[in-house]
Amino acid sequence: MLWIAVCDDEVMACVKIAGTIRGILDEMKVPCTIRQFYSGQELLQSPETFDIIFLDIIMGGMDGMRTAQLVREKAYDKLLVFISASRDYVFDAYDVEAFQYLLKPIEDKKLKRVLQKAVRKTKERSQAFIIVSRDRQQKKLFLDDIYFFEIRGRMIDAHGTGGVFSYYEQIGILEKELQGKGFFRCHKSYLVNLKYVDVYNRQELVLDNGERIAIAKRRYEAFCEEILKYMREKGGSV
């Protein structure tokens, strides 16, 4: 199931774009849920998590660029597609790593090509997950959506694209469960997803979403070996 948000302060334009997207995805036989928002504030307040966000740039109140910046702070890995009647913001779109920039009026063929690329990209994401329990209920946590796990006594906070999910678990069990899945315990209190590591030094590492995580001195060399290994496996040049 693909979750898509369309945000445009022009109601009729928003409805039309959402309808066209649904028609194209139905034709592609891709199941989807589409939500419409008429302001950046409304989008940011939504409790739902989206795979693709179509975002108008010129809007009243909070504009599309500012909305995109806040989306990136909250959920770095989402695909952002800007829609605008102006070409003036194309280069600004690079700052928030937009997936595509579409000019209004949007051509159906162009939109279809963008959706085809977006669907392929979302399918490329790893679907590895773990099952955790809280309040006698089980929840599936997709590892690609987790930035890091934080250990607080007997509690574990899973910091991810959808916020923080807390549950009871022993750190030893979690660490063993994550072996070989792209996570590294860089500190007694943190298990970090190597996919999101942006920069690092002997004291800390910084994730793509701006989070800063401490590195224990005795774990630094092992961390360096592990992240270089991870980059080679993912095709990086090191």
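**Exercise 1. Aromatic contacts**

Identify the aromatic cluster in this predicted model that includes Trp3, and state how many aromatic pairs are counted.

*Solution.* Trp3, Phe37 and Phe50 together make up one aromatic cluster. The model is a predicted one, and its count of aromatic pairs is 11.

**Exercise 2. The pair Phe129 and Phe142**

Classify the geometry of the pair formed by Phe129 and Phe142, and determine which parts of the chain the pair ties together.

*Solution.* Step 1: the ring centres are 5.8 Å apart and the planes meet at 65°. Step 2: planes over 60 degrees apart count as edge-to-face, and the pair is accordingly edge-to-face. Step 3: Phe129 belongs to strand β6 (residues 129-134) and Phe142 to strand β7 (residues 137-142), so the pair links parts 13 residues apart in sequence. Step 4: Phe129 is partly exposed at 37% relative accessibility; Phe142 is likewise partly exposed, at 27%.

**Exercise 3. Lysines over rings**

Determine which ring lies beneath the charged end of Lys117, and which ring has Lys139 over its face.

*Solution.* The charged end of Lys117 sits over the ring of Phe99, 5.7 Å from the centre. Lys139 lies over the face of Phe165, at 5.4 Å from the ring centre.

**Exercise 4. Helix α1**

Compare the expected and actual spans of helix α1, then locate its buried residues.

*Solution.* Step 1: at 1.5 Å a residue, the 17 residues of α1 (residues 11-27) should span 24 Å, and the end C-alpha atoms agree, being 24 Å apart. Step 2: the buried residues are Ala13, Cys14, Ile17, Ala18, Ile21, Ile24 and Leu25. Step 3: viewed down the axis, these fall within an arc of 130°, so they line one face of the helix. Step 4: the face turned away from the buried side carries exposed Met12, Lys16 and Glu27. Step 5: after α1 comes Lys29, with a positive phi near 60°.

Key: Residues are numbered from 1 along each chain as its sequence is written. This is a predicted model: local features need pLDDT of at least 70, side-chain atom pairs count only at pLDDT 80 or more; totals for chains, interfaces and linings use all residues. Side-chain values use heavy atoms; hydrogens and water are left out. Rings of Phe, Tyr and Trp (its six-membered ring) pair if their centres lie within 6.5 Å; planes under 30 degrees apart count as stacked, over 60 as edge-to-face and the rest as tilted. Helices (H or I, at least four residues) and strands (E, at least two) are DSSP runs, numbered from the N terminus. Buried means under 20% relative accessible area, exposed over 50%, partly exposed in between (1.4 Å probe, protein chains only). A charge sits over a ring if NZ of Lys or CZ of Arg is within 6 Å of the ring centre and within 35 degrees of the ring normal. The expected span of a helix is 1.5 Å times one less than its number of residues. The arc is that of the directions from the helix axis to the C-beta atoms.
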